[in-house]
Amino acid sequence: MEVRPEASVCAWCGSELGQRHTTLVVKAQTAMSVPECDGVFVPFELTKSSRTITGFFLTSNSAKRQGIDVVFATCSQRCASALRAAVQEEADNLGLIIS
Ligand SMILES: [Zn+2]
């Protein structure tokens, strides 16, 4: 999955995603289709963990057909797991479903 170069920091911990880091991508599906968000970064507020995570809305139709609307770039397995768990916990508020 290609992540746009603008996603230069981890969506969970905020550390820089340098060349030496393997970027792990958390994929999610939106509960409702939001075509106006295609191709843009959108912040999602996590009320329970008081964090804001920024996801990128994909424009690729092939990704959408696989149920992937939004991707979050993270720096490590730990951040990817934490982000995934947090999104799952607040899925109803966020309108996101982890793919
Ligand atoms: Zn991180």
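Here are three short exercises, with worked solutions, on a predicted model.

**Exercise 1.** Work out the strand order of the sheet, and find which strands stand at its edges.

*Solution.* Start with the order: the five strands line up as β2-β3-β4-β1-β5 in an open sheet, and their pairing is antiparallel. Now look at the two ends of that list. β2 (41-46) and β5 (96-98) each have a single partner strand, so one side of each has no neighbour in the sheet. As you go from one strand to the next, the twist averages 40 degrees.

**Exercise 2.** Take strand β1 and describe its pairing with β4, then say how helix α2 runs relative to β1.

*Solution.* First, pin down the residues: β1 covers 24-30 and β4 covers 70-74. Next, the pairing: these two strands are antiparallel and share five bridges. For one concrete spot, find L24 and look across to β4, where T74 sits opposite. Last, the helix: α2 (residues 77-89) lies across β1, β2, β3 (51-57), β4 and β5, and runs at about 15 degrees to β1.

**Exercise 3.** Decide whether I97 is buried, exposed or partly exposed, and list its contacts beyond four places in sequence.

*Solution.* Begin by locating I97: you'll find this residue in strand β5. Then use the count of neighbours: 15 other C-beta atoms lie within 10 Å of I97. Buried needs 20 or more and exposed needs 12 or fewer, so I97 comes out as partly exposed. Now the contacts: setting aside neighbours within four places in sequence, I97 touches A28, Q29, A31 and A91. To finish, try C79: it is 18 residues from I97 in sequence, and the two C-alpha atoms are 17 Å apart in space.

Technical notes
Residues are numbered from 1 along each chain as its sequence is written. This is a predicted model: local features need pLDDT of at least 70, side-chain atom pairs count only at pLDDT 80 or more; totals for chains, interfaces and linings use all residues. Two strands pair if DSSP finds at least two bridges between them. Helices (H or I, at least four residues) and strands (E, at least two) are DSSP runs, numbered from the N terminus. Axes are lines fitted to C-alpha atoms, for helices over the stretch in contact, and angles run from 0 to 180 degrees between N-to-C directions. Two residues are in contact if their C-beta atoms, placed from the backbone, lie within 7 Å.
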